[in-house]
Amino acid sequence: MNLLISRLLPDAVMDKARAEFDVTLRKTSDPMTEVEVTEALAAYDLILPTLGDQFTAAAISAVTPRTKLLANFGVGFNHIDVGAAKAQGIKVTNTPGAVTDATADIAMTLMLMTARRAGEGERLVRSGNWTGWQPTQMLGLHLTGKTVGIIGMGRIGQAIANRCRNGFGCKIVYANRSRKDVDGAEQLDSMEAVAQVADVVVAATPGGPSTRHLIGASVFDAMQPHAIFVNISRGDVVDEAALIAALQSGALAGAGLDVYENEPQVPEALIAMENVTLLPHLGTNTLEVRTGMGMMALDNLLAFKAGKDLPNPV
Ligand SMILES: NC(=O)C1=CN([C@@H]2O[C@H](COP(=O)(O)OP(=O)(O)OC[C@H]3O[C@@H](n4cnc5c(N)ncnc54)[C@H](O)[C@@H]3O)[C@@H](O)[C@H]2O)C=CC1
Ligand SMILES: O=C(O)C(=O)COP(=O)(O)O
């Protein structure tokens, strides 16, 4: 079977893929355009896509596909129109679990960096303008014992909750689309109710049309002026313009962001703010985790090749 891998993956994954399939690796590291997607669907039995590749309804429905499986590298599949794929007889799988701890760790990084003003402090040291320790210099938010509000209490949301509760003695409240029973955490009726009581609000839902601009002015306006907002989900979950306006008006004290509405573009207004921590979508960037994600995608491809049930169907 021939397999298209949309972007270079860690060596161990590439080696295993090449041992099992007739592999083509794209020559560019840019996301696949709709035209490329349509061409690839006509030419390959299997595709291993990554986030950003344009598997839109238009691209998928424009061809009688040869492709039978899209084994996505990553848990988030908002770049794939799963309904359109299904209508064309194309199965979709993802890599849940492989990404959970690493992404929760990046949420903690953003929480601590923003609460303790670490980015600002780093810039101060590098600028050569630090004048020495002072009792009242760069006072931040003490995270220990605070209330953390999580919007989207799935695998990653729960991993964040565990870290905050067990490591920092935080109280956990959350909003989730469906009723959930999560030990040691209190589900509230709305995102705004979470925002009202939380010192830190974290977004951990999937992206895509159903959550586009889920978090906007009503949530930011409900937040306390000393509170911070963290997003590790997808950029389009947050109304970025509303976030900027809320930060500018002082409705909240700061933000820590791993994802953006139009990656890799980051609004100048965010770059200009000292109280915002900006990371370049680092959620799962460790060799161990990226290898694990790749092996999980390959497990799905190998199960398909062997005619077995797919381990991680979307
Ligand atoms: N920053 C990064 O590098 C990474 C980001 N992610 C993102 O994190 C997302 C979440 O991953 P998992 O926790 O594994 O997914 P999950 O499916 O286990 O959890 C998502 C949770 O969000 C809830 N949810 C969905 N729509 C909602 C809404 N409208 N309001 C409130 N809650 C809602 C769901 O009920 C579910 O509990 C992924 O889909 C991906 O987009 C994942 C990995 C890395
Ligand atoms: O690796 C990342 O940074 C990702 O966001 C990709 O993983 P995801 O699709 O979010 O599971």
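## Two ligands and two helix pairs

Let's start right at a ligand: a polar backbone atom of Ile156 sits 2.8 Å from an oxygen atom of ligand 1. Keep in mind as you look around that this is a predicted model. Ile156 has plenty of company, since ligand 1 is surrounded by 25 residues, and the closest ones are Arg155, Ile156, Asn176, Ile232 and Asp258. Ile232 also takes part through its backbone, with an N or O atom 2.9 Å from a nitrogen atom of ligand 1. Arg234 uses its side chain instead: a polar atom there is 3.4 Å from an oxygen atom of ligand 1.

Now hold on to Arg234, because it leads us to the next ligand: Arg234 is also one of the residues around ligand 2. The others there are Leu51, Gly74, Val75, Gly76, Val99, His281, Thr284, Arg290 and Met293. What lies 2.5 Å from an oxygen atom of ligand 2? That's a polar backbone atom of Val75. Gly76 joins in with its backbone too, where a polar atom is 3.1 Å from an oxygen atom of ligand 2. With His281, look at the side chain: one of its polar atoms is 2.6 Å from an oxygen atom of ligand 2.

Next, go back to Arg155 and Ile156, which we met beside ligand 1. Both belong to helix 7, on its side of a contact with helix 5. Helix 5 covers residues 100-115 and helix 7 covers residues 155-168; their axes come within 8 Å and cross at roughly 55°. That angle makes helix 5 oblique to helix 7, and the crossing is right-handed. From helix 5, the residues in the contact include Thr100, Ala104, Met108 and Leu112, while helix 7 brings in Ala159, Ile160 and Phe168, among others. Sorted by class, this contact has 10 nonpolar, 2 polar and 4 charged residues.

Arg290, one of the residues around ligand 2, takes us to another helix pair. Arg290 is in helix 12, and it is among the residues that meet helix 1. Helix 1 (residues 11-20) and helix 12 (residues 287-305) pack at an angle of about 15°, with axes 9 Å apart. How are the two helices oriented relative to each other? They count as roughly parallel, because their angle falls under the 35 degrees cut-off. Helix 1 passes helix 12 in a left-handed crossing. On the helix 1 side you'll find Ala12, Val13, Lys16, Ala17 and Glu20, and their partners in helix 12 include Gly294, Leu298 and Lys305. This contact divides into 6 nonpolar, 2 polar and 5 charged residues.

Definitions and conventions
Residues numbered from 1 in each chain as written. Chains lettered and ligands numbered in written order. Predicted model: local features only at pLDDT ≥ 70, side-chain atom pairs only at ≥ 80, totals over all residues. Heavy atoms only, no water. Axes fitted to C-alpha atoms, helices over the stretch in contact; angles between N-to-C directions. Helix = DSSP H or I, 4+ residues; strand = E, 2+ residues; numbered from the N terminus. Left-handed = near helix turned anticlockwise from the far one by under 90°. Contact = heavy atoms within 4.5 Å. Nonpolar A, V, L, I, M, F, W, Y, C, P; charged D, E, K, R; others polar. Near = heavy atom within 4 Å. Polar contact = N/O pair within 3.5 Å; in protein donor to acceptor, adjacent residues only side chain to side chain. Parallel < 35°, antiparallel > 145°, perpendicular 65-115°, else oblique.
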